[in-house]
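Student: Please take one part of this model and look at it closely. I would like to see how that part is built, and what surrounds it.

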Amino acid sequence: MQSVGTVSDLHLFCKRSRALKHMAALDSAIAESDVFVLNGDVFDFRWSVLASEEETIDAALEWLDGLLGRHPDCAFHYVLGNHDCLRSFTEALSEFESTQPNLTCHPYYLRLGDTLFLHGDVAMRNMDAEGLEAYRSFWRYHKRKGRLMNWVWDAAFLLNLHRGIHRMAFPPQTAVARVRHYIDSIGEGPESGITSVYFGHTHMALPGYAHEGIQFFNGGAALQGLEFNILRARVSL
Ligand SMILES: [Mn+2]
């Protein structure tokens, strides 16, 4: 058994992110983990408050460098999400990865023994690998949103509308069935020995949702007004 921790949807650099409040908890969780999975949307290039894309890339790598440096004995995995799969960032990240002994990056998913980690943007609709590729191709070249849209979302968060929006878009049964559809399509379903799946993206915390032989877990999101959990898995390798 290995102690594996995971977190998703920190949305660092988005004004509505509350991730910085959770840094001490994140460091403690990593200190107790042999393996730690960053499960996508760690950084938010769509809503970055920094001056430019380049500045956001630099700040993201600096943040990662600090994190990896503080925990040299932990094996980190970074599974990309839709908000951090920007081509310019993933190119810089892959160069950075080659200089880091304890970091491995994964564009779509990571399997550790009987457990699968994926960001969860496959919950948008029923997707196979090709469908996810099509969805991601939009985000790879996505430009940062301007002040007006940022203001609209600020207002939605103030009024707490975002909670209802996520709840309506992703009822647990629907989200989990779509994630299941994807993992079956890539041959990583229960027949292949998978028993647990960790995903994020939907911003709806799931403490363990049983669906046809698999337990699904979601830590929620470190955004204003939403439930957020750093999760711990016991993975048989
Ligand atoms: Mn996402």
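Tutor: The answer starts from a sheet and works outwards to the metal site and a helix pair.

Some ground rules come before that. This is a predicted model, where local features need pLDDT of at least 70, side-chain atom pairs count only at pLDDT 80 or more, and totals for chains, interfaces and linings use all residues. Residues are numbered from 1 along each chain as its sequence is written, and side-chain values use heavy atoms, with hydrogens and water left out.

Take the sheet with strand order β4-β3-β2-β1-β10. Five strands make up this open sheet, and their pairing is mixed. Helices (H or I, at least four residues) and strands (E, at least two) are DSSP runs, numbered from the N terminus. Two strands pair if DSSP finds at least two bridges between them. β4 (103–106) and β10 are the edges; each has a single partner strand, so one side of each has no neighbour in the sheet. On average, neighbouring strands are turned by 25 degrees against each other, direction ignored. Axes are lines fitted to C-alpha atoms, for helices over the stretch in contact, and angles run from 0 to 180 degrees between N-to-C directions.

Now the pairings. β2 and β3 (residues 75–79) are parallel, with four bridges. Phe 36 stands opposite Phe 76 there. β1 and β2 are also joined by four bridges in the parallel sense, and Thr 6 has Val 37 as its bridge partner. β1 (residues 2–7) and β10 run antiparallel, over five bridges. Gln 2 is the bridge partner of Val 235 in that pairing.

Burial comes next. Buried means under 20% relative accessible area, exposed over 50%, and partly exposed in between (1.4 Å probe, protein chains only). β2 is covered on both faces: Val 35 and Val 37 on one side are buried, as are Phe 36 and Leu 38 on the other. β10 is another matter. Leu 231, Ala 233 and Val 235 point to one face and are buried, while Arg 232 and Arg 234 point to the other and are not. In a regular strand the side chains alternate between the two faces of the sheet.

Helices lie across this sheet. Contact here means heavy atoms within 4.5 Å. α1 lies across β1, β2, β3 and β10, at about 140 degrees to β2. α2 lies across β2, β3 and β4, at about 150 degrees to β3. Ala 25 sits in α1 (residues 23–31) and is partly exposed, at 41% relative accessible area.

The loop after β1 holds a notable backbone angle. His 11 lies between β1 and α1. Its phi is near 50 degrees, a positive value in a residue other than glycine. His 11 is buried, at 2% relative accessibility.

From β2, move to the metal. Asp 41 (OD), Asn 82 (OD1), His 119 (NE2) and His 201 (ND1) coordinate the manganese ion at 2.1 to 2.2 Å. Donors are N, O and S atoms within 2.8 Å of the metal (3.2 Å for Na, K and Ca); water is not among the atoms, so sites may look incomplete. The donor spacing in sequence is D-x40-N-x36-H-x81-H. Asp 41 is in the loop between β2 (35–38) and α2 (53–70), and His 201 is in the loop between β7 and β8, so the pair ties together parts 160 residues apart in sequence. Asp 41 is buried at 1% relative accessible area, and His 201 is buried at 9%. His 203 lies in the loop between β7 and β8. Its phi is near 60 degrees, again positive in a residue other than glycine.

That loop leads to another sheet. Five strands form it, open and mixed, in the order β5-β6-β7-β9-β8. The edges are β5 (109–112) and β8 (206–211), each pairing on one side only. Its twist averages 20 degrees from one strand to the next. β7 (residues 196–199) and β9 (residues 214–218) run parallel over four bridges, with Val 197 opposite Phe 216. α7 (residues 172–185) lies across β5, β6 (115–118), β7, β8 and β9, at about 65 degrees to β8.

Last, a helix pair. α5 (residues 147–158) and α6 (residues 161–169) pack at about 90 degrees, with axes 5 Å apart. That makes α5 roughly perpendicular to α6; angles under 35 degrees count as roughly parallel, over 145 as roughly antiparallel, 65 to 115 as roughly perpendicular and the rest as oblique. Trp 153, Ala 156 and Phe 157 of α5 meet Leu 161, His 162 and Ile 165 of α6.
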